[in-house]
Amino acid sequence: MARIKPQALLLQSKKKKAPSGVSVPTIIVYFLIVAVMVFSLFSTYKYWARRSIVQTRDSISNRKFIERKKSDIPNYALISTSKGQITVELYKDGSPDIVNEFIDFSQNGHFKGMHFTRVIKNFVIQGSKIENPEATEDWTSRGKHYSQLDTSLKHEAFMLGTSKAKHEGGGFDLFITTAPIPDLNDKINVFGRVIKGEDAVQEIEEVDTDDHYRPKTPVQINEVTLRHKT
């Protein structure tokens with residue numbers, strides 16, 4: 001058997017221990033992975049940046065639309081009655097939901113021909129198309145009570161409101177106060193005030209009524225006209 005020289009063994013050992021180099025295909029794969037990751041990160045950033053811009057534009061557009069729609073809401077309502085015209089300023093900033101509801105009912109002709117069903121002197125006049133005995137009894141007792149009280153430190157007269165009680169059939173009644181009322185907000189959602197036509201309100205208040213405060217002679221609303229200016 002031939003003997004291997006020590007020098008040859010040393011060379012063979014060095015060849016076995018020498019590190020192997022990274023192949024070209026491996027470098028290409030690594031490069032492709034990094035490229036894909038960079039492209040993915042860039043695409044994600046670009047998407048969210050574009051979305052943020054679109055959302056900002058939409059927000060500005062919606063804000064302008066809301067402001068424009070708000071400016072389209074009428075400021076006044078002209079309530080024509082059989083006793084004269086009553087001009088009301090609508091509280092579209094303080095009671096926007098109720099004002100919008102009132103406008104919808106007005107445009108649908110809900111108030112045309114509506115009778116003033118209750119007239120309580122020094123208290124309120126009420127226009128309604130729905131009979132509610134319990135509410136009427138409550139208002140009647142309150143009217144009798146408040147007529148005996150001092151009128152200082154109370155809510156103003158000639159305020160326009162609607163009952164907080166939900167009516168069957170989706171009705172919308174109207175109340176106009178004829179005197180200051182202590183707990184007005186407990187029963188009425190106020191959404192406007194009379195700025196012209198107080199004499200018409202007082203004429204309605206002076207009509208003869210029966211024991212249940214129902215006018216003996218019909219008094220009605222002829223129509224409601226919405227205006228941006230008086």
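**Exercise 1.** State how many helices and strands the chain has, and the order in which they run.

*Solution.* In this predicted model, the chain has six helices and eight strands. Read from the N terminus on, the order is α-α-β-β-α-β-β-α-β-β-α-β-α-β.

**Exercise 2.** Find what share of the residues is buried, and what share of the contacts with a separation of 6 or more joins residues 24 or more positions apart.

*Solution.* The chain has 230 residues, and 32% of them count as buried. Among contacts with a separation of 6 or more, 69% are between residues 24 or more positions apart.

**Exercise 3.** Classify the ring pair of F102 and F172, and locate both residues.

*Solution.* Step one: the ring centres are 6.1 Å apart and the planes stand at 50°. Step two: planes under 30 degrees apart count as stacked and over 60 as edge-to-face, so a pair in between is tilted. The pair of F102 and F172 is therefore tilted. Step three: F102 belongs to helix α3 (residues 96-107), while F172 sits in the loop between β5 (159-163) and β6 (174-177). The pair thus ties together parts 70 residues apart in sequence.

**Exercise 4.** Do the same for F111 and F172, and decide whether each is buried or exposed.

*Solution.* Step one: the centres are 5.8 Å apart and the planes at 85°, so this pair is edge-to-face. Step two: F111 lies in the loop between α3 and β3 (116-120), and F172 in the loop between β5 and β6, 61 residues apart. Step three: buried means under 20% relative accessible area. F111 has 1%, so F111 is buried; F172, at 3%, also counts as buried.

Terms used:
Residues are numbered from 1 along each chain as its sequence is written. This is a predicted model: local features need pLDDT of at least 70, side-chain atom pairs count only at pLDDT 80 or more; totals for chains, interfaces and linings use all residues. Side-chain values use heavy atoms; hydrogens and water are left out. Helices (H or I, at least four residues) and strands (E, at least two) are DSSP runs, numbered from the N terminus. Buried means under 20% relative accessible area, exposed over 50%, partly exposed in between (1.4 Å probe, protein chains only). Contact means heavy atoms within 4.5 Å. Rings of Phe, Tyr and Trp (its six-membered ring) pair if their centres lie within 6.5 Å; planes under 30 degrees apart count as stacked, over 60 as edge-to-face and the rest as tilted.
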